[in-house]
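Good morning, colleagues. I should like to take a few minutes to walk through one structure with you. Please have the sequence and the coordinates open as we go.

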Amino acid sequence: MEKEKTLIVAVLGAGNIGSAMARGLAGSGHTVHLYNRGAARLESFGSMPGVVPTQSLEDALRGADLSLICVEGHAVMPLIGAMGRFLESKSAVVGSCAAAISTEELSEALGRFVSQPKVFRLLPNIAATAGKSTNLLCAKGIGNSDLSVLQSIFECTGTTLIVEERLFPAAMALSSCGIAYAMRYVRATMSAGVQLGLSPAVAEAITAGVLDGTAALLASGKHPEELIDTVTTPGGLNAMEAAGFTPSVIAGLTAAAKV
């Protein structure tokens, strides 16, 4: 794969993640063959430039440079079985967005049909639907050069990080479960704002702006503690720490990584 080349990508599954990946890939100039068994989820893509919706798996895979499976974990292996007779390349590149399917499992399943399986795991989080996902990427049978190309391709939905597969549980706890924890912080902040006299809408707007500004400040490369020291007085932060803020976050993420 070449970094600047426009690719044909078969996105298999048009749920939340598959639809987000299709929009991102098409928006960055690639051609997407978007497959889904049912027609309803494909209807909104009928007039979208760069997306070819289809209910035919054969048509979706025809001419594809790589395939991205975006179905629930239990459906991945049956789908690979159905893909087998339609894969045109002996060195097909196939990836999965299912959290629990390893590259070893993908490689073994694909190896029944192609002689040189090239597989990858791409784990977006739900922020892919807003183009702000933190994607996790690892691969088997794919060289570093092509892995870098894949990383670049999937930047279309946010940020893509190459992570060792053995560290995926920890990384998923931060990237996927982390959104729920951040949302719980948002809800708690809104509740505090209302208690202090603000309307829910104003409290939500302030909190959203704070999160957006925080992300921008982190992008500057400064350490979080340095930024904390520049923007806070110790009273409120000390009260939160006394209530177990940091230990609670660590405990939650550690528990999520073990699930």
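I shall speak about the nonpolar cores, then three helix pairs, and finally one loop residue.

Please keep in mind throughout that this is a predicted model.

Let me begin with the cores. The largest nonpolar core has 27 residues, and the members that touch the most other members are L34, L66, F120 and F154. Which elements give two or more residues to this core? There are strands and helices among them: strand 1 (8-12), strand 2 (31-35), strand 4 (66-69) and strand 6 (118-123), together with helix 1 (16-27) and helix 5 (144-153).

F154 is a useful residue to select on screen. Leaving out residues up to four places away in sequence, F154 touches M21, L25, L66, L68, F120, L122, N135 and T160. Two of the residues that I named a moment ago, L66 and F120, are thus in contact with F154. There is also a second core, separate from the one just described; it has 22 residues, and M83, F86, I101 and L110 are included in it.

I turn now to the helix pairs. The axes of helix 3, residues 73-83, and helix 4, residues 103-110, come within 9 Å and cross at roughly 25 degrees. Because that angle falls under the 35 degrees used as the limit, helix 3 is roughly parallel to helix 4. The crossing of helix 3 with helix 4 is right-handed. From helix 3, the residues V76, M77 and I80 meet E105, L106, A109 and L110 of helix 4. By class, this contact of helix 3 with helix 4 comprises six nonpolar residues, one charged residue and no polar ones.

The next two pairs both involve helix 6. How do helix 6, residues 168-195, and helix 10, residues 245-258, cross? Their axes come within 8 Å, at an angle of roughly 125 degrees, and helix 6 and helix 10 are therefore oblique to each other. Helix 6 passes helix 10 in a right-handed crossing. On the helix 6 side we find P169, A170, A173, L174, C177 and Y181, which meet G252, L253, A256 and A257 in helix 10. In the contact of helix 6 with helix 10, nine residues are nonpolar, one is polar and none is charged.

Helix 6 also packs with helix 7, residues 200-218, at an angle of about 135 degrees and with the axes 9 Å apart. Helix 6 and helix 7 are therefore oblique to each other, and helix 6 passes helix 7 in a right-handed crossing. Here Y185, V186, T189, M190, G193 and V194 in helix 6 meet P200, A203, E204, T207 and L211 in helix 7. The classes for helix 6 with helix 7 are seven nonpolar, three polar and one charged.

Within that contact, let us look at T207 in helix 7. Is T207 buried or exposed? Its relative accessibility is 4%, so T207 counts as buried. Beyond four places in sequence, T207 touches V186, T189 and M190.

Finally, the loop residue. G131 lies between strand 6 and strand 7 (133-140), and with a relative accessible area of 35% G131 is partly exposed. Setting aside neighbours within four places in sequence, G131 is in contact with T157 and G158. The C-alpha atoms of G131 and R23 are separated by 9.0 Å, although these residues are 108 residues apart along the chain.

Thank you for your attention.

How values were computed. Residues are numbered from 1 along each chain as its sequence is written. This is a predicted model: local features need pLDDT of at least 70, side-chain atom pairs count only at pLDDT 80 or more; totals for chains, interfaces and linings use all residues. Side-chain values use heavy atoms; hydrogens and water are left out. A nonpolar core is a set of buried Ala, Val, Leu, Ile, Met, Phe, Trp, Tyr and Cys residues joined through side-chain atoms within 4.5 Å. Buried means under 20% relative accessible area, exposed over 50%, partly exposed in between (1.4 Å probe, protein chains only). Helices (H or I, at least four residues) and strands (E, at least two) are DSSP runs, numbered from the N terminus. Contact means heavy atoms within 4.5 Å. Axes are lines fitted to C-alpha atoms, for helices over the stretch in contact, and angles run from 0 to 180 degrees between N-to-C directions. Angles under 35 degrees count as roughly parallel, over 145 as roughly antiparallel, 65 to 115 as roughly perpendicular and the rest as oblique. A crossing is left-handed if the near helix is turned anticlockwise from the far one by less than a right angle, and right-handed if clockwise. Ala, Val, Leu, Ile, Met, Phe, Trp, Tyr, Cys and Pro count as nonpolar, Asp, Glu, Lys and Arg as charged, and the others, Gly among them, as polar.
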